[in-house]
Amino acid sequence: MRIYVTQPLPEPSLGDLLEGATIEVGESGIGEDQLIGRVSEVDAILSTPPVPITARVLSAAPRVRIVANCAVGTDNIDLAACRDRGVVVTNTPGVLTEATADLAFALILAVTRRLHEGEALVRSGTWTGWKPLELLGVSLEGKVLGIYGAGRIGSAVARRAVAFGMTVFTVVAEDGPERFEELLRCSDVLTIHVPLTPETRGRFGDAELGRMKPGSFLVNTARGPIVDEAALVGALESGRLRGAGLDVFQHEPKVHPGLLSRPDVVLLPHLGSATEEVRLSMARMACEEIARLFRGEPANNRVA
Ligand code: DGY
């Protein structure tokens, strides 16, 4: 059995679970064209989020029987093309829930309490001591946390919000327009936890951001293309939004230049699941799915 792994994974995950397989590991930053040249002989692809598994890649990989994504999101994979070819697709739900919720809450705290500005001030060597009016942020206690997406991660964020004395208002992608409008209107902080689908792509554009509560904050740890970054820059510039915390970007790894220069945004490089424990668990889950398929067992987490 030959397996192509699109990026290096935490060890030990490959060797012991995929014993006897020939494994080739790609390098970070690999794109569709490079991938096409490497998968012609492989039986399985262990994929990672930014690497696109398109219909072209699948056509170039006639032996592939499984794409095991080392992520819960599968928007990097053409699921319809996999179904057409009878290729099994799996993901890694559950293990990253708490870590991603932690990171979302870290962003909520960072942007509302201006942690990045405070840190920069101390490091600059220009801080002159405690001042009653220095870097005042916004308290979370008593505020409304709007959660767009009430799946595993959204629910884990809600539990944290309750511990911080916040009121939680939850909306799922399938809810009608009225509840979505209420989410925009009432949220002091709005955090996004839906997958990227045709329905959620561009869900937060000019019009929606313009209807958010004045002075509110937007946090996104889900997928970048759910928010139109140019519209977000406009909403921050106009003062409609007071700040934003982003772990994901519309054209990842590129970031809109209008965001890079703003002190009212906190920017992280897609770290939601980035703990040693979680990344190892994700890698092992993906390997296990490949091992199961080749043992003739059903997948644990099949999405196509
Ligand atoms: C996912 O799992 O979808 C994340 O974005 C990577 O952890």
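## Ligand shell, ring pairs and backbone features

An N or O atom in the side chain of arginine 223 lies 2.7 Å from an oxygen atom of the ligand. Taken alone, the ligand exposes 230 Å², and the protein buries 90% of that. The model is a predicted one.

### Ligand shell

The residues that surround the ligand are Ala71, Val72, Gly73, Leu96, Arg223, His270, Ser273 and Met282. By class, this shell divides into four nonpolar residues, three polar and one charged. Backbone atoms also come close to ligand oxygen: for valine 72, a backbone N or O atom is 2.7 Å from an oxygen atom of the ligand, and for glycine 73, a polar backbone atom is 2.9 Å from an oxygen atom of the ligand. The polar distances around arginine 223 and the ligand are listed here.

| Atom or group | Partner | Distance |
|---|---|---|
| Valine 72, backbone N or O atom | ligand oxygen atom | 2.7 Å |
| Glycine 73, polar backbone atom | ligand oxygen atom | 2.9 Å |
| Arginine 223, side-chain N or O atom | ligand oxygen atom | 2.7 Å |
| Arginine 223, side chain | aspartate 75, side chain | 2.8 Å |

Arginine 223 is placed in the loop between β9 (216-220) and α10 (229-237). Its relative accessible area is 14%, so arginine 223 counts as buried. Besides its ligand contact, the side chain of arginine 223 makes a polar contact with the side chain of aspartate 75.

Histidine 270, another member of the shell, belongs to the loop between β11 (265-267) and α12 (276-295). Which backbone angle of histidine 270 is positive although the residue is not a glycine? The angle is phi, at about 50°. With a relative accessible area of 25%, histidine 270 is partly exposed.

### Aromatic rings and charges

The structure holds four aromatic pairs. In one of them, tyrosine 148 and phenylalanine 204, the ring centres are 5.6 Å apart and the planes stand at 80°, so the pair is edge-to-face. This pair links distant parts of the chain, 56 residues apart: tyrosine 148 is in strand β6 (residues 144-148), and phenylalanine 204 is in the loop between β8 (189-192) and α9 (206-210). Are these two rings' residues buried or exposed? Tyrosine 148 is buried at 1% relative accessibility, and phenylalanine 204 is buried at 0%.

Ring pairs join Tyr148, Phe180 and Phe204 into a cluster. Phe180 also has a charge over its ring: the charged end of arginine 203 sits there, 3.7 Å from the ring centre. A second arrangement of this kind involves arginine 179, whose charged end sits over the ring of phenylalanine 169, 4.2 Å from its centre.

### Backbone features

Glutamate 11 and proline 12 are joined by a cis peptide bond with omega of about -5°; proline 12 lies in the loop between β1 (2-5) and α1 (14-17). Another cis peptide bond joins glutamate 252 and proline 253, with omega of about 5°, and proline 253 is in the loop between β10 (241-246) and α11 (257-260).

Arginine 114 is not a glycine but has a positive phi of about 60°. This residue is in the loop between α5 and α6 and is partly exposed, at 25% relative accessible area.

### Helices α5 and α6

Phenylalanine 105, in helix α5 (residues 97-112), is buried with a relative accessible area of 3%. Its C-alpha atom is 9.7 Å from that of alanine 158, 53 residues apart along the chain. Leucine 121 is in helix α6 (residues 115-124) and counts as partly exposed at 22% relative accessibility. The C-alpha atoms of leucine 121 and methionine 282 are separated by 37 Å.

Conventions
Residues are numbered from 1 along each chain as its sequence is written. This is a predicted model: local features need pLDDT of at least 70, side-chain atom pairs count only at pLDDT 80 or more; totals for chains, interfaces and linings use all residues. Side-chain values use heavy atoms; hydrogens and water are left out. Rings of Phe, Tyr and Trp (its six-membered ring) pair if their centres lie within 6.5 Å; planes under 30 degrees apart count as stacked, over 60 as edge-to-face and the rest as tilted. Helices (H or I, at least four residues) and strands (E, at least two) are DSSP runs, numbered from the N terminus. Buried means under 20% relative accessible area, exposed over 50%, partly exposed in between (1.4 Å probe, protein chains only). A charge sits over a ring if NZ of Lys or CZ of Arg is within 6 Å of the ring centre and within 35 degrees of the ring normal. A residue is near a molecule or strand if one of its heavy atoms lies within 4 Å of it. A polar contact is a pair of N or O atoms within 3.5 Å; within protein, one must be able to donate a hydrogen and the other to accept it, and residues adjacent in sequence count only if both atoms are side-chain atoms. Accessible areas come from the Shrake-Rupley method with a 1.4 Å probe; for residues, only the protein chains shown count as cover. Ala, Val, Leu, Ile, Met, Phe, Trp, Tyr, Cys and Pro count as nonpolar, Asp, Glu, Lys and Arg as charged, and the others, Gly among them, as polar.
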